[in-house]
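Please read this short report alongside the model. It covers surface patches and charged pairs.

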Amino acid sequence: MNELDYQKIGSKIRAARLNKGWSQDKLPEKCNVSLSFMGHIERETRIMSLETFVSLCNELEISADHILWNIIRPSDPILLYILNGVKTKDAATYSHYVKIIRAIADIMIDGC
C-alpha cells in the first residue's frame with residue numbers, strides 16, 4: 001500500500017480552496033476547525049482527524065481518492081456535474097466537450 005504524502009494532501013486541499021475562490025477563513029469556518037489548524041493542514045505540519053478530512057472533502061466537493069492518491073473517479077461531483085450538463089446538449093456540443101476534455105487530459109499527462 002502507498003504511504004500518504006501529507007504535504008501533497010495539504011497542497012491539494014489548499015488548491016481546491018483557492019479554486020473555489022475561498023479565503024483562508026471560509027473553509028475552516030465551514031468545517032468547524034480553527035483557522036490556525038487549517039493552516040497547519042495546508043502546510044502539512046499537523047495531521048487532521050478522519051472527521052475533518054471527510055468534512056473538507058464534502059465542503060470542497062472533491063473526492064477523497066483525488067486528495068489521497070491523485071485518482072479522479074467518475075463519481076467526482078464536479079465531473080458528474082459536467083457530464084450531466086453534456087447529456088442535455090446536442091451531438092455537436094457533446095463532441096466539442098469530448099475534444100476539450102481530451103485536450104486537457106493530454107496537456108495534464110504531458111505536463112506531469
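## Nonpolar patch and salt bridges

Helix α6, residues 77–87, gives the largest share of the nonpolar patch, with 3 residues. This is a predicted model. The patch covers about 410 Å² of surface and is built from Ile78, Tyr81, Ile82 and Ile101. Ile82 is found in helix α6. Its relative accessible area is 33%, so Ile82 is partly exposed. That value also clears the patch cut-off of over 30%.

Now the charged pairs. Side chains of opposite charge can pair when their charged atoms come close. In this model the count is 3 salt bridges. The cut-off is 4 Å between a side-chain nitrogen of Lys or Arg and a carboxyl oxygen of Asp or Glu.

| Salt bridge | Closest N to O distance |
|---|---|
| Arg17 and Glu42 | 2.7 Å |
| Lys20 and Glu61 | 3.1 Å |
| Lys30 and Glu59 | 3.8 Å |

Take Arg17 and Glu42, which form a salt bridge at 2.7 Å. The pair links distant parts of the chain, 25 residues apart. Arg17 sits in helix α1 (residues 6–19), and Glu42 sits in helix α3 (residues 35–43). Are these residues buried or exposed? Arg17 has a relative accessible area of 2%, so it is buried. Glu42 has 10% relative accessibility and therefore counts as buried. Buried here means under 20%.

Next comes the salt bridge between the side chains of Lys20 and Glu61, at 3.1 Å from N to O. Both residues lie in loops: Lys20 in the one between α1 and α2 (26–31), Glu61 in the one between α4 (50–60) and α5 (64–69). The pair therefore ties together parts that are 41 residues apart in sequence. Lys20 counts as partly exposed, at 31% relative accessibility. Glu61 is also partly exposed, at 40%.

Which elements does the Lys30 and Glu59 pair tie together? The closest N and O atoms of this salt bridge are 3.8 Å apart. Lys30 lies in helix α2 and Glu59 in helix α4, so the pair joins parts that are 29 residues apart in sequence. Lys30 is partly exposed, with a relative accessible area of 38%. Glu59 is partly exposed too, with 27%.

In brief, Arg17 is buried and so is its partner Glu42. Lys20 and Glu61 are partly exposed. Lys30 and Glu59 are partly exposed as well.

Notes: Residues numbered from 1 in each chain as written. Predicted model: local features only at pLDDT ≥ 70, side-chain atom pairs only at ≥ 80, totals over all residues. Heavy atoms only, no water. Helix = DSSP H or I, 4+ residues; strand = E, 2+ residues; numbered from the N terminus. Buried < 20%, exposed > 50% of the residue type's maximum accessible area, 1.4 Å probe, protein only. Patch = residues over 30% accessible without salt bridge, like charges linked within 9 Å, V, L, I, M, F, W, Y side chains within 5 Å. Areas by Shrake-Rupley, 256 points an atom, 1.4 Å probe, with all protein chains shown as cover.
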